[in-house]
Amino acid sequence: MLSPLVLPHITIIKKNMSKILILNGPNLNLLGTREPEIYGHDTLKDVEKLCVETAQHHKMDIDFRQSNHEGILIDWIQEAINNVDGVIINAAGYTHTSVSIHDALKMLTCPIVEVHLSDPETREEFRHFSYITPVAQAVIKGQGAQGYKQAVEFLAKVIN
Ligand code: CA2
């Protein structure tokens, strides 16, 4: 008589894809149309494509957004609380002015990466201070569109 086959207890846990929210602030919708010597020739669509491709490689999901309105950016940050695994933000001009975006980001427990296409510290004095830096785990600046790719790769390392 055959003895019953006793299998060890196996628990398979399927990990969901990590979700990354990428936020872009005012005027970045016009990227690629002006001041290419500062911001490069890539459009925001090109940047989004680069982020999606990089994220796919690391089995992560990207939600890529842009708004010209501070309150909308804050609503999106609040929606991200307990819903995303990482945030990448180029707050554009709000970087240097927005206590409210700083406060909203502070409520997140996931890692935050601040990205700038240019290096604001080498530009006008009013761009030298950032309200985002104190709440960010990493700051990537002056790398053009590649900086976004580096930010996705940083989060892939930290999260996965
Ligand atoms: O270098 C960056 O990514 C900035 O966040 C861009 C902001 C600027 O205020 C920050 O100091 C640094 C400006 C975004 C303007 O976006 C445009 C880019 C090209 C063409 C038109 C608008």
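1. The ligand of this predicted model sits in the largest pocket. A pocket here is an open set of points on a 1 Å grid over the protein atoms alone, with protein on both sides within 12 Å along at least five of seven lines, and a molecule sits in it if more than half of its atoms lie within 2 Å of its grid points.

2. Around the ligand there are 15 residues, of which Asn90, His96, Leu117, Ser118 and Arg127 come nearest; a residue counts as near if one of its heavy atoms lies within 4 Å. This shell divides into 7 nonpolar, 6 polar and 2 charged residues, where Ala, Val, Leu, Ile, Met, Phe, Trp, Tyr, Cys and Pro count as nonpolar, Asp, Glu, Lys and Arg as charged, and the others, Gly among them, as polar.

3. Side-chain N or O atoms lie 2.5 Å from a ligand oxygen in Ser118, 2.8 Å in Asn90 and 2.9 Å in Arg127. The protein covers 94% of the 510 Å² of accessible area that the ligand has on its own, as computed by the Shrake-Rupley method with a 1.4 Å probe.

4. The structure holds 0 disulfides, a disulfide being a pair of cysteine sulfur atoms within 2.5 Å. For Cys51 the closest cysteine sulfur, in Cys110, is 16 Å away, which is too far for a bond. Cys51 is buried at 0% relative accessible area, and Cys110 counts as buried at 12% (buried means under 20%).

5. Residues are numbered from 1 along each chain as its sequence is written, and side-chain values use heavy atoms, with hydrogens and water left out. Local features need pLDDT of at least 70, side-chain atom pairs count only at pLDDT 80 or more, and totals for chains, interfaces and linings use all residues.

How values were computed. Polar contact = N/O pair within 3.5 Å; in protein donor to acceptor, adjacent residues only side chain to side chain. 1 Å grid on protein atoms, 1.4 Å probe; cavity = no way out; pocket = protein on both sides within 12 Å on 5 of 7 lines; lining within 4 Å. Buried < 20%, exposed > 50% of the residue type's maximum accessible area, 1.4 Å probe, protein only.
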